[in-house]
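Here are two short exercises to work through with the structure open beside you. Try each task before reading its solution.

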Amino acid sequence: MHHCCGFCGKEFGGRGGVAKHMAIRAECRRKWEKLVEDTTDDEASKNRRVTIEDAADEEEDKVGRYFEPCPDAGWTSREGQTIFEKYQKYKEGEVAREEWELAEWIIKSLGQTRTEEFLKLPIKVDELPHGAAWSCKKVGVQGNRTDETGQPMREDVELWMRNPVECIKDLIGNPLFKDHMVYAPARAYTDPAGLHRVIDDMWTADWWGNKQKELPKGATIAPIILATDKTCLSQFRGDKSAWPVYLSIGNITKEKRRQVAARATVLIGYLPAGKLDCFTSDARSLAGYRLFHHCMSLLLQPLISAGRNGVEMTCADSLIRRVYPILAAYVADFPEQCLVACCKENRCPKCLVVGDERGDPLSSPMRDPQLIKEVLEKWKNGQHPAEFEDYGLCTVYNPFWADLPHTDIFLAFTPDLLHQLHKGIFKDHLVKWCLDIIGEDKLDAHFKAIPNYPGLRHFKKGISTVKQWTGTEHKEMQRVFLGILAGAVPSQVLVVARAILDFSYYAQLRIHTTESLDCLKNALSVFHANKNIFLELQIREHFNIPKLHQLSHYVQSILLFGTTDGFNTELPERLHIDFAKEAYRASNKRDYEEQMAQWLQRQEAVLLCSSYLDWLLQRSRSPTVTSRVDDERGYESDSDSEIEDSQTQPCSAVPANMAPMVHSLAKKPAHPRQSIQHLVTAHGATMFLQAFKSFLQKYIPHNKIVPGPQDHFDVFRQVVIVAPSNPQVNDSQKRWRIRATPEVRPGPGRKPGAPAQFDMALISDGIRTSSLRTLDNLRVAQVHIIFTLPRQFGTYSRTLAYVEWFTPLREPDPSSGLRQVSCSTRQPPVHGRVILNRV
């Protein structure tokens, strides 16, 4: 589909080309801006007060949910101007097309020195509007070591920061987030009676609604989501590092926050990441704790007044609300959680569980911020309360969260799927335990024996030789691990492994119900009930594992803040690329933090200009330009980091789980006019002719031609099945490839051959009346041929497949939950009536 400019008529291949054309063609841009300014439809829409009831009605049509809104939240006072409406008043000079294209490319691609030279051109990037400005504060640190003169050694470190309140204004007022923004909490249900609750985004969970009761009527909460993660900048040599602090708000939907290119999570500061050589090795760790809290206090200082009194902000819908920015969630790995909580790493940063009881399914009281502050204050004043040692505290007397209003920092710590589940409990513990039971050679042999199948990773060299794993590889291993263990470990070990995997998959759900949360708790209970098998096998001596204890807090966190995909540590690790590593590479590696801040500010200015043009495109009523450009901009989520690919999908009136599956074939068969003898020998279809005759008799009874060895068939290599998305698991559609390819012999020279690939598939053995997520009326079969009906036998709208049946699915194994099948021997091994839309 071609797109064209409505003012000069120039054609482009996509909507992105139209947006870029508007940016560089001054004459068309002026006409466009005038057209948008004259449009009155949007002005009328500003006066409409958008409430949670409106959003609920619209959402109910989409996914069948029912909402109990909070009427005392999100009130508006008057109209305002968004950042783009203010930007519209900014008049940039006339710039030639070539200069703008070159400017945009250099700002995004080149380093600091080249950029400085380029800025002499007419485009003054440093003069373009941008977000909150950067500032630097020097922090002096006096250590306990002395220099040659006997004086205490000092070290000056730099804290680079931006005003978090201004950053929140930019986020909540970004018109591009208008359709992804919520200003008030609500409870969601799947039924009109409100009996079956649904939790996904933060606004459907408990924290927001509970906190709303502590504020004046009509207040709008901006739930702050902070994330910190120290990262290395230099590669192969050097020890340069950065400590970014990221901020987002829970008003923006988690799907949009996960999209890295959407910039719904912003950088608000770089904490000092020096080594503190002015301290001795035994005092350096505690000094780092105190420096962290001091710098975080300076960085978050503006949130104290804003959280207590509120700040008027122009929101994405151009309406002004009094917004109370409150720290709600803190995303960090376990060591940084302990750092923030001012506790030792052998304690839980959330609750008061005893250090040697973390492996037991106990319910311990949560840490109380007020009590912790009192204990720290008493210790500072020379008293020695017993709670200091009992709670495992560190002597950090001024934690940064002490004065933040309405904040419970211990509840704010969210589940860390990457480090706690995938890398922690699964890889570092369960896999290691099973290795000790089975042995490396046998476990590797089991992994190697798994047949190659599309969508499943084949660990053809085993796993024992892999030294470094990513989150994606952990997940790929989890998909096959239970089958790997079946028959190789005692049944009770299988029960434990299944419980851990069940917990992992339930914890990753994007939508939770009361029933799924019960399943999550039950999986953990099953693990604790059977874990002693590892003590009996002398694999473990205890289960006092910090990451194992953290699993007991998952249900509480989900109930408070929503599903875990909105708070995963994988997102900050992905953001390091854009906000730390790329910025460092653009510097000259000396005094790099200042250059990084300047580079990021210029990047932000260019992005703001591009976003402004997108906004104009959305507001335009021109028939030649569409109103959505997010897809053209390629907003994406990364994966593993695994921030999931969340692409915008068209809404449908048909619920996702009831939408039909789509089967896709190549336009032309890969192997046309194949003889029956070739199908028998190359595809192993020994009973093909008999099965094909049976198919003709049943489905094309009027046919008078008897098939025989003289007939030829058009054969395809594979079929791609596109299944509807499961909102609880993923937003995107699921795609399966089913292959039916014979062996390819090695060619001349170094051209390798390929083994035959006849994939297994679940095939409907009749009409399905249940959901696609069950195994009712399904049987396992091996697909040998994918072909079309030759013309001489008539017409048939569906492509056919020749399969070999396996026995019906047996009852699930009580230990693993897996179902067993074997080759069918009670009936002919083939059945020619199978059609592709039953696969």
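The exercises below use a predicted model, and they look at a helix pair and then at a strand.

**Exercise 1. A pair of helices**

Work out how the axes of helix 19 and helix 20 are oriented towards each other, and find which residues make the contact.

*Solution*

Step 1. Locate helix 19 at residues 471–485 and helix 20 at residues 491–507. Their axes come within 10 Å and cross at roughly 155 degrees.

Step 2. Angles over 145 degrees count as roughly antiparallel, and therefore helix 19 and helix 20 are roughly antiparallel to each other.

Step 3. Now for the handedness: the crossing of these two helices is left-handed.

Step 4. List the residues in contact. Helix 19 contributes Lys475, Gln478, Arg479, Leu482 and Leu485, while helix 20 brings in Leu494, Ala497, Arg498, Leu501, Ser504 and Tyr505.

Step 5. Sort them by class: the contact has 6 nonpolar, 2 polar and 3 charged residues.

**Exercise 2. A strand and its partners**

Decide whether the residues of strand 9 are buried or exposed, then identify how strand 9 pairs with strand 14 and strand 11.

*Solution*

Step 1. Go through residues 220–228: 9 of the 9 residues in strand 9 are buried.

Step 2. Split the strand by side. Thr220, Ala222, Ile224, Leu226 and Thr228 lie on one side, with Ile221, Pro223, Ile225 and Ala227 on the other, and both faces are covered.

Step 3. Turn to strand 14 (residues 319–331), which pairs with strand 9 in the parallel sense over 8 bridges. Here alanine 222 stands opposite proline 325.

Step 4. Finish with strand 11 (residues 241–249), which runs antiparallel to strand 9 and is joined to it by 5 bridges. In this pairing, threonine 228 stands opposite valine 245.

Technical notes: Residues numbered from 1 in each chain as written. Predicted model: local features only at pLDDT ≥ 70, side-chain atom pairs only at ≥ 80, totals over all residues. Heavy atoms only, no water. Axes fitted to C-alpha atoms, helices over the stretch in contact; angles between N-to-C directions. Helix = DSSP H or I, 4+ residues; strand = E, 2+ residues; numbered from the N terminus. Parallel < 35°, antiparallel > 145°, perpendicular 65-115°, else oblique. Left-handed = near helix turned anticlockwise from the far one by under 90°. Contact = heavy atoms within 4.5 Å. Nonpolar A, V, L, I, M, F, W, Y, C, P; charged D, E, K, R; others polar. Buried < 20%, exposed > 50% of the residue type's maximum accessible area, 1.4 Å probe, protein only. Pairing = 2+ DSSP bridges.
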